[in-house]
Structure formats: structure tokens, C-alpha cells
Amino acid sequence: MSGTVRSEAAEYRQGADRPLGGYAVLMTLFGALVGIAGAVAAVRGTNGRRISPYDLLLMTAGTHKLARLVSKDAVTSPLRMPFTRYREPGGPAEVMEDVRSEGSLQHAIGELVTCPFCLAIWVATAFSIGYLFAPRFTRVAASALTATAGSDFLQLLYARLQQSAN
């Protein structure tokens, strides 16, 4: 069986450096965490809670901002350092990084923590779990991140208006 899996993986990769084993570990970890949270929620009786449309908007903007902060912000680069290498500045207060490819898991984590789109599902899931177990704290955290995302938008708009005025 492992020979079949290896041969399928090699055929899939077509010579490219794809950390399929690392992806499998991350998917297993994600599934286990969600499963454990679901089981705890069922035992504690939190499975009937619903997320209001307002909270969903907070969670959406908060997910965007937290995924972007973790994956691109210059100040959070120490979190990504074991999995990436600095390449160059990116957008405002952001950096561009290359993923390390020393090991399958390290490479997979590097891809996850440098991609705001990839990281967003982890962040949204954490917010969802937060709403189940600590809704007040989660709402405050999501509100702060949403305000920061709105502020970022206004900062960029202000800079653009300044440029067009000059």
C-alpha cells in the first residue's frame, strides 16, 4: 500500500517540490482539533449556539485581519521565521518571504503561515470555536481586529487621496 501511495504522490508532483506528507499532517491536526472542539461542545451543551449575522461580519473582518497579520506583517515575522526566509518588503508594513523546503512538514507549515488565504480557514475555525466556548472574549477580539482592518482601509484611502492631491 505505501508503494502505491508513493507512486501516486510522485505522479502527482511531476517533479515539483510538493510537501504532501506535511499537508497530510496539517490536515490531520486540523481535523483532530475540530473534532475535539466539537466533542467538547457536545458534552458541554454548547452545540445549540448560533452565530448572529453581526457576529459573522465581525468574524469575517477579524479573520481577514488576523490571517493577514500572522502571514504578512513585519512584526509577526518571528512567528514565521522557522518556516520562511525573508525576501523583500511587501505592501505597507508587510514583508514577502520564501518558504523553507528543508522538510515536508516545515515546508507545509511555511506555505500555511505565509498565505493569508490558507491561514484564514484556521483563523475562522478558531473564531467559531471561540464563539462556542468564550463568546464575549471572542467578540471583543473580533471587534478589535475588525476595527484594525477598517483603520487599514482608511489609512490606505487617505494615502491615495494625498497622492492624488499632489
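These legends walk through a predicted model of one protein, starting with the whole chain and then moving to close-ups.

**Figure 1. The whole chain, from one end to the other.** Let's get our bearings before zooming in. The protein has seven helices and two strands. Read from the N terminus, the order is α-α-α-α-β-β-α-α-α. With a radius of gyration of 19 Å, well over the 15 Å that the globule rule gives for 166 residues, the protein is more spread out than a compact globule. Its C-alpha trace spans about 60 × 50 × 25 Å along the principal axes. Of the 166 residues, 27% count as buried. About 10,800 Å² of the protein is exposed, and 66% of that comes from carbon and sulfur atoms. Now for contacts along the chain: taking those with a separation of 6 or more, 59% join residues that sit 24 or more positions apart.

**Figure 2. The largest nonpolar core.** This view shows a set of 15 residues, the largest nonpolar core in the protein. Which residues have the most contacts inside it? They are Leu26, Ile109, Leu119, Val123, Phe127, Tyr131 and Ala142. Several helices chip in: α3 (53–72), α5 (104–113), α6 (116–133) and α7 (135–165) each supply at least two residues of this core. Pick out Leu26 and look around: leaving out residues up to four places away in sequence, Leu26 touches Leu105, Ala108, Ile109, Leu112 and Trp122.

**Figure 3. Two rings meeting edge-to-face.** Here we look at Phe30 and Trp122, whose rings form an aromatic pair. The count of such pairs in this model comes to one. The ring centres are 5.0 Å apart and the planes meet at 65°, so the pair is edge-to-face. Where do the two partners sit? Phe30 belongs to helix α2 (residues 20–44) and Trp122 to helix α6, so the pair ties together parts that are 92 residues apart in sequence. As for cover, Phe30 is partly exposed, at 23% relative accessible area. Trp122 is partly exposed too, with a relative accessibility of 24%.

**Figure 4. Thr76, in a loop between two helices.** Thr76 lies in the loop between α3 and α4 (77–80). Is Thr76 buried or exposed? Its relative accessible area is 16%, and buried means under 20%, so Thr76 counts as buried. Follow the side chain of Thr76 and you reach the side chain of Arg80, with a polar contact of 2.8 Å between them. Setting aside residues up to four places away in sequence, Thr76 also touches Leu69 and Val70.

**Figure 5. Arg100 and its surroundings.** Our last stop is Arg100, found in the loop between β2 (95–99) and α5. This arginine is buried, with 15% relative accessibility. What is in contact with Arg100, apart from its neighbours within four places in sequence? The list runs Met81, Pro82, Phe83, Thr84, Arg85, Gln106 and His107. For Thr84 we can be more specific: its backbone oxygen lies 3.2 Å from a polar atom of the Arg100 side chain. Then there's Arg85, which is 15 residues from Arg100 in sequence, with 6.6 Å from C-alpha to C-alpha.

Methods: Residues numbered from 1 in each chain as written. Predicted model: local features only at pLDDT ≥ 70, side-chain atom pairs only at ≥ 80, totals over all residues. Heavy atoms only, no water. Core = buried A, V, L, I, M, F, W, Y, C linked by side-chain atoms within 4.5 Å. Buried < 20%, exposed > 50% of the residue type's maximum accessible area, 1.4 Å probe, protein only. Helix = DSSP H or I, 4+ residues; strand = E, 2+ residues; numbered from the N terminus. Contact = heavy atoms within 4.5 Å. Phe/Tyr/Trp six-rings, centres within 6.5 Å; stacked < 30°, edge-to-face > 60°. Rg over C-alpha atoms; globule rule 2.2 N^0.38 Å. Areas by Shrake-Rupley, 256 points an atom, 1.4 Å probe, with all protein chains shown as cover. Polar contact = N/O pair within 3.5 Å; in protein donor to acceptor, adjacent residues only side chain to side chain.
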